[in-house]
Amino acid sequence: MQEKRLIKMSNSETKTDVILIGAGIMSATLGTILKKLVPEWEIKVFEKLENAGEESSNEWNNAGTGHAALCELNYTVEKPDGSVDISKAININEQFQVSMQFWSYLLKSKLLDNPQDFIRQLPHMSLVLGEQNVAFLKKRFEAMSKNPLFQGMEFSDDPEKLMEWMPLIMEGRKWNEPIAATNIDSGTDVNFGALTRKLFDHLENKDVLINYNHSVNDIKRTSDGMWDLKVQNLFSGTVKHHTAKFVFIGGGGGSLSLLQKTGIPESKHIGGFPVSGLFMVCNNPDVVAQHHAKVYGKAKVGAPPMSVPHLDTRFIDNQKSLLFGPFAGFSPKFLKTGSMLDLVTSVKPNNVLTMLAAGAKEMSLTKYLIQQVIASKEQRMEELREFIPNAIAEDWDLIVAGQRVQVIKDTEAGKGTLQFGTEVICGADGTIAALLGASPGASTAVHVMLEVIRKCFPERMKEWEPKIKEMIPSFGKSLMKNPELLREIHTSTAETLSLKEKELVYS
């Protein structure tokens with residue numbers, strides 16, 4: 001069946017080494033790494049919107065959290081024996097450390113400037129209510145605080161201490177149930193939109209051709225093993241073919257349909273379920289000034305992990321903002337700028353049973369989404385008041401955030417299993433890769449793109465490893481098992497990224 005998709009190259013096609021689809025943080029990161037490893041390779045980028053970082057990477061379309069598992073409770077789970085498994089938190093933290101090292105390298109090399117434009121230090125806190133949740137948070141703290149990656153984390157169930165940490169949340173609160181929080185000062189707020197634009201500015205300076213307002217409508221294999229892309233100029237309407245030796249599909253929610261068009265076996269039996277998001281934004285500067293942290297709570301029953309409620313200080317265009325959410329919504333679009341037919345057209349003969357199985361298994365998610373979609377502003381305000389008891393409706397506006405597509409695939413856990421996280425799909429011969437999924441995506445972009453490189457260019461890894469280690473000193477090592485290296489990297493990245501480093505003792 002796949003052989004029927006092989007086509008002959010025409011004289012009108014333009015050849016290149018690498019094509020990146022989508023001008024988001026993933027393509028920006030992969031392009032920047034490849035330009036350092038093989039500067040002679042020609043790279044082209046195709047983006048259907050007018051600018052870089054306008055969809056999932058845009059600062060208003062995500063939480064801006066430097067996901068290092070410092071405050072996100074869904075990355076730690078309580079096991080049947082009562083202990084807390086922090087293995088996922090460790091993995092995510094180490095992956096974020098990789099991103100921090102890479103950004104630091106780019107700044108030291110003068111390839112980026114003004115780190116405060118895209119990253120700032122900001123306390124990360126976890127907040128829980130109720131006796132059972134407080135007991136869990138304490139056990140989580142005890143497990144994490146022993147680990148070098150989480151040194152400096154504090155726990156408190158003392159109202160006076162909590163008032164110091166989060167005055168806006170504690171003011172006017174009724175003491176009718178136990179409350180507790182953890183706090184770690186070394187968290188970050190990251191403007192992924194600004195970072196994406198900076199990286200693409202750098203790539204343009206390195207002669208990477210970035211084609212905005214260009215939509216990739218089809219991808220097929222050529223008879224000589226390359227990939228042919230049918231690309232439409234959205235201004236003129238003209239269509240041209242571009243061929244490449246390697247293609248990366250980093251188009252956010254739009255990646256699934258393009259992956260399906262490749263016809264590779266790895267694209268089969270995979271579906272996607274779109275979840276849209278809404279945030280409440282505070283319009284009262286006096287309220288904004290009272291909060292300085294990212295505070296994460298626990299997800300409601302049936303809610304996807306990406307819908308964990310959180311009250312976030314954000315810095316966008318160097319201005320302090322305060323956001324609460326996300327509130328989930330539903331749209332059949334796979335992108336904010338997508339089509340209402342995206343979900344329907346993603347259903348294929350090879351994945352229809354997978355999709356149906358997921359629908360049958362995820363009734364609680366369906367119920368949750370329905371409740372979220374029909375919620376009134378006052379109902380959303382009631383959720384906000386669980387964080388800010390004195391919140392006034394007039395102080396808050398509603399904005400539409402990004403569109404996420406959760407991966408559905410057949411796994412050992414069963415047919416039609418909904419996946420939460422980021423997933424890389426690579427062709428067997430390493431000539432094509434696609435990125436699917438959602439959080440913690442952007443925060444772990446460097447780790448994920450190194451995985452793409454490792455899977456797609458295994459024969460070059462020995463040659464490239466010295467350069468990769470120059471960019472990422474911990475490459476191939478566990479920071480958790482090397483506290484001295486962790487200390488050196490924390491000190492170095494904090495200085496380069498202009499982050500205040502709290503004095504820690506690494507055991």
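Reader: How many disulfides does a search of the whole structure find?

Author: Good place to start! A disulfide is a covalent bond between the sulfur atoms of two cysteines. This is a predicted model, and a search through the whole of it turns up zero disulfides.

Reader: Why is there no bond for the sulfur of Cys426?

Author: Look at the distance to its closest cysteine sulfur, which belongs to Cys456: at 3.8 Å it is too far for a bond, because a disulfide needs the two sulfur atoms within 2.5 Å. Cys426 is also buried, with 15% relative accessibility.

Reader: And how far is the sulfur of Cys282 from the closest cysteine sulfur?

Author: That distance is 20 Å, to the sulfur of Cys71, so a bond is ruled out here too. Cys282 counts as buried as well, at 9% relative accessibility.

Reader: Let's turn to helices. At what angle do H1 and H14 pack?

Author: Two packed helices are described by the angle between their axes and the distance between the axes. Here, helix H1 (residues 25-37) and helix H14 (residues 461-471) pack at about 125°, and their axes are 10 Å apart. H1 is therefore oblique to H14. The crossing of H1 past H14 is right-handed.

Reader: Which residues of H1 and H14 meet?

Author: From H1 come Ile33, Lys36 and Leu37, and on the H14 side they meet Trp464, Lys467, Ile468 and Met471. Sorted by class, the contact has five nonpolar residues, two charged ones and no polar ones.

Reader: Now the backbone. Is the peptide bond from Gly325 to Pro326 cis or trans?

Author: Omega is the angle to check. For the bond from Gly325 to Pro326 it is near -5°, and the bond is cis. You will find Pro326 in strand S17, which covers residues 319-329.

Reader: Which residue in the loop between H6 and S10 should I look at for its phi?

Author: Try Asp207: its phi is positive, about 65°, although the residue is not a glycine. Asp207 sits in the loop that runs between helix H6 (192-205) and strand S10 (209-212). With a relative accessible area of 69%, Asp207 is exposed.

Reader: What about Asp317: where is it, and is it buried or exposed?

Author: Asp317 belongs to the loop between strand S16 (310-316) and S17. Asp317 counts as exposed, at 63% relative accessibility. Its phi is worth a look too: about 55°, a positive value in a residue that is not a glycine.

Definitions and conventions. Residues numbered from 1 in each chain as written. Predicted model: local features only at pLDDT ≥ 70, side-chain atom pairs only at ≥ 80, totals over all residues. Heavy atoms only, no water. Buried < 20%, exposed > 50% of the residue type's maximum accessible area, 1.4 Å probe, protein only. Axes fitted to C-alpha atoms, helices over the stretch in contact; angles between N-to-C directions. Helix = DSSP H or I, 4+ residues; strand = E, 2+ residues; numbered from the N terminus. Parallel < 35°, antiparallel > 145°, perpendicular 65-115°, else oblique. Left-handed = near helix turned anticlockwise from the far one by under 90°. Contact = heavy atoms within 4.5 Å. Nonpolar A, V, L, I, M, F, W, Y, C, P; charged D, E, K, R; others polar.
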